[in-house]
Number of protein chains: 2
Amino acid sequence: MASWLQISKNSPFSLANIPFGIISSAKVTSRVPAIAIGDYALNLSVFASSGGFSQLPAIQSHLSVFNQPTLNAFAALGRPVHRQVREYIQAVFRADTPFPQILKDNASLQKEALLPLSDVTNHVPMQIGDYTDFYAGLNHAYNVGVLFRGPDNALQPNYKHLPVGYHGRASSVVTSGTAIHRPNGQVLANPNATPKVPSFSPCKRLDIELELAAFVSTSNELGKPVPIDQAEDHIFGLVLMNDWSARDIQAWEYVPLGPFNAKNFATTITPWVVLIDALEPFRTTGLDGGIRDSLLPYLREKQAANAYDIALDVEITPKGGKPTHISKTNAKNLLYSFPQMLAHHTITGCNMNPGDLLGSGTISGTEPKTQGSILEQTGGKNPIKLDDGSERIFLEDGDSVVLRGMAGKEGSYVGFGDCEGTILPAIKLE
Amino acid sequence: MASWLQISKNSPFSLANIPFGIISSAKVTSRVPAIAIGDYALNLSVFASSGGFSQLPAIQSHLSVFNQPTLNAFAALGRPVHRQVREYIQAVFRADTPFPQILKDNASLQKEALLPLSDVTNHVPMQIGDYTDFYAGLNHAYNVGVLFRGPDNALQPNYKHLPVGYHGRASSVVTSGTAIHRPNGQVLANPNATPKVPSFSPCKRLDIELELAAFVSTSNELGKPVPIDQAEDHIFGLVLMNDWSARDIQAWEYVPLGPFNAKNFATTITPWVVLIDALEPFRTTGLDGGIRDSLLPYLREKQAANAYDIALDVEITPKGGKPTHISKTNAKNLLYSFPQMLAHHTITGCNMNPGDLLGSGTISGTEPKTQGSILEQTGGKNPIKLDDGSERIFLEDGDSVVLRGMAGKEGSYVGFGDCEGTILPAIKLE
């Protein structure tokens with residue numbers, strides 16, 4: 001598919017993508033829905049109010065969703081509507097568009113609605129009601145389990161029967177580009193001393209977690225589980241996510257109720273939601289783990305191809321330095337799919353709402369330099385060499401971390417854009 | 001303080017209380033803020049628009065907060081405003097009110113704004129952004145620890161250094177009177193078998209957890225911790241909470257990331273928020289646990305009296321039967337205060353928002369029949385006898401559980417009202 005708009009062949013936002021987000025700019029001072037295409041954002045508020053959707057009758061009674069400061073109302077319209085709108089926008093931008101009058105030949109609307117991405121500010125695209133983080137990256141769970149419990153007990157007995165997950169902190173989910181303060185907290189200066197007495201300190205073991213995350217589109221009522229074969233239709237789309245983790249705070253606090261302060265200070269997501277339909281061509285088989293036939297029926301999917309073939313990479317740039325790629329992996333390294341996570345989450349009757357966010361868990365491969373966390377690469381002691389000669393066991397102040405994810409090929413990439421965060425020094429308490 | 005309104009001497013909503021909630025009724029079809037007094041709710045939307053606040057100049061520019069479907073906007077005004085509004089409403093209802101024209105002698109406004117509680121529907125009073133549940137009930141943590149790890153290792157090493165907490169599920173917080181479906185999920189039919197293979201089943205070990213919970217009023221910015229000596233001013237007020245718990249689902253799922261499906265199906269709260277100022281007269285010393293002097297400075301409070309003297313009780317009523325009081329305890333059985341929880345929660349820079357909910361953890365005494373969960377009383381095997389002769393090891397379908405909490409004395413009780421939930425059979429999956 002070629003577009004009349006000039007789109008770089010390496011853009012993550014090709015005509016095959018059309019991801020949705022929330023933007024503002026110096027001129028557009030209130031937050032509005034938009035899509036990203038090439039180096040531009042299309043302001044959907046202006047587009048809709050200028051008759052941009054006039055050739056899509058099905059959306060006419062819902063145009064107010066494009067005048068909202070979040071995507072929740074649009075998402076709640078459901079997958080068939082998302083699909084129609086995405087396909088319509090693709091048709092508008094196609095070189096052979098059947099509707100040239102809408103935008104291709106409409107210089108004034110182009111000027112008003114097409115904003116250079118470099119001029120816009122991105123915002124968290126949905127009002128997140130609840131954020132849940134899963135642990136479906138089998139290789140990550142195994143690698144971390146080996147570090148803590150040795151290879152024989154690396155995976156807990158429940159791991160291959162259910163997608164382990166926990167509730168996360170929604171308020172501190174931020175978009176790419178937000179600087180992250182190194183958290184303060186309680187740590188054990190000497191974990192082997194007896195008795196264990198914590199000290200107060202800036203986190204010294206600050207790490208990343210490379211994840212995919214899914215936004216929920218449509219709700220289910222409290223008490224009504226979402227059946228596995230309907231679960232995918234409750235997913236709006238995916239983003240990349242960096243689940244920043246303070247390993248030393250986590251090690252001390254996490255018994256018996258799980259991670260808390262180690263994770264609540266920030267979680268960074270990419271601002272453009274890639275619709276689940278845009279990823280459909282990249283469907284592939286995930287990790288099997290030998291569990292497919294032994295899962296309880298409420299988790300059993302019809303198709304084995306329940307993952308996505310998305311190339312992922314992690315880059316660290318020291319302050320004032322150059323980037324080093326420290327990891328390359330693929331999103332298919334997951335043992336459970338988002339529909340399985342949703343079916344498990346709701347099997348108790350738990351109600352989901354539009355804007356709820358589900359993290360996949362850290363995505364790691366099995367080979368060196370394919371891990372989605374630094375802990376897995378260094379074991380907390382063997383440094384990673386950066387290209388400038390410096391070394392990292394964990395993150396240092398001033399480090400910028402970028403996660404990237406791309407599916408497809410040159411000219412028609414379906415990508416997520418950068419998921420960036422730079423580490424600021426810990427806050428000095430008064 | 002006597003009122004011109006007839007208030008039963010046993011009412012939890014005496015003139016000394018004035019708790020805030022959100023109501024609707026057959027006539028008041030949209031949700032509006034209200035206070036409870038005796039057997040009535042005062043519709044604050046009608047009261048405000050009818051000049052009810054005309055003698056309180058400070059609130060004039062904020063009257064729109066009483067036209068909202070949640071208390072978030074009112075809470076965000078901050079503690080000094082909550083205090084003025086509460087004291088003003090007390091003055092309006094006093095027998096010797098200085099403003100008789102406002103309500104006492106205004107029969108038409110009484111008719112319009114004072115609704116019998118039996119005619120109103122209560123709603124979750126705030127839009128809950130995030131819900132966090134702590135574990136500050138020392139006796140509960142110890143009792144459960146003994147069951148799982150024996151008396152020598154009952155408390156984890158971190159327990160006396162920080163308020164252990166975890167993120168909970170906000171979407172399934174419901175108000176008193178909402179029926180609760182017994183959750184389905186994965187359980188181990190025989191926990192001692194090898195290998196461990198779960199089965200799918202309705203929860204067979206459904207339990208309660210008696211807690212207090214605090215609603216946050218004012219926000220802190222991401223990256224800016226709330227200092228301990230300012231933390232109380234970020235708290236709007238308290239409710240009673242039943243953190244329903246599926247013990248068998250929890251036992252299987254909870255390693256290594258904590259409880260998830262065992263808790264996400266429902267959490268019941270009382271609908272009337274008792275302002276933190278209303279509880280001030282009942283301030284008392286909580287559990288000490290020998291930690292007061294050894295806490296890290298960010299958790300150290302100026303005053304030792306950091307708990308509240310609130311009598312709590314738990315009642316179970318079998319379907320069609322009579323209530324049995326199974327437990328009586330007191331809210332002072334907490335090792336950490338809500339300000340300590342808030343200071344700990346934000347020490348990493350985590351941002352809180354109006355409407356965030358913080359649970360205390362289960363409140364238990366040390367004597368028989370003073371525990372806040374059934375598990376602690378039965379150990380999962382020694383039944384509780386109900387007054388009708390039936391026995392309970394855990395909850396049965398049709399059981400209604402009521403939690404109650406009252407501070408003060410006859411004629412001037414500051415109480416929470418009932419926190420009720422009835423167990424419905426598990427949902428049959430299609």
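## Cavities, a pocket and chain symmetry in a two-chain model

About 120 Å³ of space lies in the largest cavity. The structure is a predicted model. The count of cavities of 30 Å³ or more comes to eight. Lining the largest cavity are 13 residues, and those closest to its centre are B:Leu287, B:Asp288, B:Arg292, B:Asn306 and B:Leu335.

The second largest cavity holds about 60 Å³ of space. Its lining consists of B:Leu212, B:Asn306, B:Ala307, B:Tyr308, B:Ala331, B:Leu334, B:Tyr336, B:Ser337 and B:Phe338. B:Asn306 is thus named in this lining and among the residues closest to the centre of the largest cavity.

The second largest pocket encloses about 1,200 Å³ of space. There are 49 residues in its lining, and A:Phe148, A:Gln250, A:Ala251, A:Trp252 and A:Tyr254 lie nearest the centre. Two or more lining residues come from each of β6 (131-134), α5 (138-149), β11 (199-202) and α7 (247-253) of chain A. Of the elements, α5(A) gives the most to this lining, with seven residues.

The table sets out the three spaces by volume and by the class of their lining residues.

| Space | Volume | Nonpolar | Polar | Charged |
|---|---|---|---|---|
| Largest cavity | about 120 Å³ | five residues | four residues | four residues |
| Second largest cavity | about 60 Å³ | seven residues | two residues | no residues |
| Second largest pocket | about 1,200 Å³ | 24 residues | 13 residues | 12 residues |

### Helix α3 of chain A

Helix α3 of chain A runs over residues 79-93. At 1.5 Å a residue, its 15 residues should span 21 Å, and the end C-alpha atoms are 21 Å apart, so the two values agree. The helix is mostly covered, with 11 of its 15 residues buried. Among the buried residues of α3(A) are A:Arg79, A:His82, A:Arg86 and A:Gln90. The list also includes A:Tyr88 and the run A:Ile89, A:Gln90, A:Ala91, A:Val92 and A:Phe93.

### Backbone features

Most residues other than glycine have a negative phi, and most peptide bonds are trans. Some residues of this model depart from that pattern. A:Ile18 is not a glycine, yet its phi is positive, at about 60°. A:Ile18 sits in the segment before β1 (20-25) of chain A and is buried, with a relative accessible area of 0%. In chain B, B:Ile18 likewise has a positive phi, near 60°. B:Ile18 lies in the segment before β1 (20-25) of chain B, and B:Ile18 too is buried, at 0% relative accessible area.

Cis peptide bonds occur as well. One joins A:Thr194 to A:Pro195, with omega near -10°. A:Pro195 is placed in the loop between β10 (184-187) and β11 of chain A. Another cis bond runs from B:Val255 to B:Pro256, with omega near -5°. B:Pro256 is found in the loop between α7 (247-253) and β16 (267-269) of chain B.

### How the chains are related

Two copies of a chain are related by a rotation about an axis and a shift along it. Here, chain A is superposed on chain B by a rotation of 180° with 0.0 Å of shift along the axis, giving an RMSD of 0.0 Å. This is the relation of a two-fold axis. Within chain A, the C-alpha nearest the axis belongs to A:Gly258, 2.2 Å from it. Both copies use the same surface: 98% of the contact residues of chain A recur in chain B.

Note on methods: Residues numbered from 1 in each chain as written. Chains lettered and ligands numbered in written order. Predicted model: local features only at pLDDT ≥ 70, side-chain atom pairs only at ≥ 80, totals over all residues. Heavy atoms only, no water. Helix = DSSP H or I, 4+ residues; strand = E, 2+ residues; numbered from the N terminus. Expected span 1.5 Å × (residues − 1). Buried < 20%, exposed > 50% of the residue type's maximum accessible area, 1.4 Å probe, protein only. 1 Å grid on protein atoms, 1.4 Å probe; cavity = no way out; pocket = protein on both sides within 12 Å on 5 of 7 lines; lining within 4 Å. Points joined across faces, edges and corners; volume = space filled by probe spheres on them. Nonpolar A, V, L, I, M, F, W, Y, C, P; charged D, E, K, R; others polar. Least-squares fit on C-alpha atoms with pLDDT ≥ 70 in both. Contact = heavy atoms within 4.5 Å.
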